[in-house]
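Student: I have a new structure open and would like to learn how to read it. Could you walk me through it, one feature at a time?

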Amino acid sequence: MSSDIAMEIKAIISDVSGYDVEEITFEKNFFSDLEIDSIRAIEITVAIEKKFKISVRDEDVPNITTVKQAVELVNELLEQKK
């Protein structure tokens with residue numbers, strides 16, 4: 001798991017959620033721990049898509065509930081892109 005990708009994703013989540021990057025750990029749940037609603041989840045997804053030049057399928061968005069899952073998905077999509 002690339003730490004660069006993880007840091008970029010944490011920074012995006014921090015920007016959208018208002019939480020400090022240090023508070024955002026891999027186990028944090030977007031909804032219960034970081035108070036991210038569905039609108040913010042979409043904002044995060046769009047920011048990730050732009051940053052990494054990937055496309056996240058709409059049906060995958062509700063399944064991404066932790067930082068770790070977001071990082072894993074980005075890694076997977078970047079691998080597929082190669």
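**Reading the model step by step**

Tutor: Happily! Let's begin in a loop: Glu-35 lies between helix H1 (3-17) and H2. Keep in mind as we go that this is a predicted model.

Student: What is the phi of Glu-35?

Tutor: The general idea comes before the case. Most residues other than glycine have a negative phi. Glu-35 is not a glycine, yet its phi is positive, near 55 degrees.

Student: Is Glu-35 buried or exposed?

Tutor: For this we look at relative accessible area, where exposed means over 50% and buried means under 20%. Glu-35 has 55% relative accessibility, so Glu-35 counts as exposed.

Student: Which loop holds Lys-53, and what is its phi?

Tutor: Lys-53 sits in the loop between H2 and H3. Its phi is positive, about 55 degrees, although Lys-53 is not a glycine. The relative accessible area of Lys-53 is 63%, so this residue is exposed.

Student: Let me step back to the whole chain. How many helices and strands are there?

Tutor: The chain has 3 helices and 0 strands. Read from the N terminus on, the order of elements is α-α-α. The radius of gyration is 11 Å, close to the 12 Å that the globule rule gives for 82 residues, so the chain is as compact as a globular protein of that length.

Student: What does the C-alpha trace span along its principal axes?

Tutor: The trace spans about 35 × 25 × 20 Å. You can also ask how the residues are divided between inside and outside: buried residues make up 41% of the 82 residues. As for the outside, the accessible surface comes to about 5100 Å², and 49% of that belongs to carbon and sulfur atoms.

Student: How can I tell what share of the contacts joins residues far apart in sequence?

Tutor: Take the contacts with a separation of 6 or more and look at how far apart the partners are. In this chain, residues 24 or more positions apart account for 56% of those contacts.

Student: Which C-alpha distance could I look at as an example with Lys-68?

Tutor: Try Lys-68 and Phe-26. They are 42 residues apart in sequence, while their C-alpha atoms are 4.6 Å apart in space. Lys-68 belongs to helix H3 and has a relative accessible area of 39%, so it is partly exposed.

Student: Which residues are in contact with Thr-66, leaving aside its neighbours within four places in sequence?

Tutor: Thr-66 is in contact with Phe-26, Glu-27, Lys-28, Asn-29 and Phe-30. Thr-66 itself lies in the loop between H2 and H3. Its relative accessibility is 15%, so Thr-66 counts as buried.

Student: Now a pair of distances, please. How far apart are the C-alpha atoms of Arg-40 and Phe-30, and those of Ile-42 and Phe-52?

Tutor: Arg-40 and Phe-30 are 10 residues apart along the chain, and 9.5 Å separates their C-alpha atoms. Ile-42 and Phe-52 are also 10 residues apart along the chain, and here the separation is 15 Å. Sequence spacing and spatial distance are two separate things to read.

Student: Where do Arg-40 and Ile-42 sit?

Tutor: Arg-40 is in helix H2, and Ile-42 is found in helix H2 as well. Arg-40 has 32% relative accessibility and so counts as partly exposed. With 48%, Ile-42 counts as partly exposed too. Beyond its neighbours within four places in sequence, Arg-40 is in contact with Val-16, Ser-17 and Glu-35. That brings us back to Glu-35, the loop residue with the positive phi.

Student: Last topic: how many cavities of 30 Å³ or more are there?

Tutor: A cavity is a space where a probe fits but cannot get out. The count here is 1 cavity of 30 Å³ or more. About 130 Å³ of space lies in the largest cavity.

Student: Which residues line the largest cavity?

Tutor: Among them are Phe-30, Phe-31, Ala-41, Ile-44, Thr-45, Val-61, Leu-73 and Val-74. The lining divides into 11 nonpolar residues, 1 polar and no charged.

Student: Which helix gives the most to that lining?

Tutor: H2 does, with 4 residues. Helix H2 (38-52) and helix H3 (67-81) each supply at least two residues of the lining.

Conventions:
Residues are numbered from 1 along each chain as its sequence is written. This is a predicted model: local features need pLDDT of at least 70, side-chain atom pairs count only at pLDDT 80 or more; totals for chains, interfaces and linings use all residues. Side-chain values use heavy atoms; hydrogens and water are left out. On a 1 Å grid over the protein atoms alone, a cavity is a set of points where a 1.4 Å probe fits but cannot get out, and a pocket is an open set with protein on both sides within 12 Å along at least five of seven lines; lining residues have an atom within 4 Å of a point. Grid points are joined across faces, edges and corners, and a volume is the space filled by probe spheres set on the points. Ala, Val, Leu, Ile, Met, Phe, Trp, Tyr, Cys and Pro count as nonpolar, Asp, Glu, Lys and Arg as charged, and the others, Gly among them, as polar. The radius of gyration is taken over C-alpha atoms; the globule rule is 2.2 Å times the number of residues to the power 0.38. Buried means under 20% relative accessible area, exposed over 50%, partly exposed in between (1.4 Å probe, protein chains only). Contact means heavy atoms within 4.5 Å. Accessible areas come from the Shrake-Rupley method with a 1.4 Å probe; for residues, only the protein chains shown count as cover.
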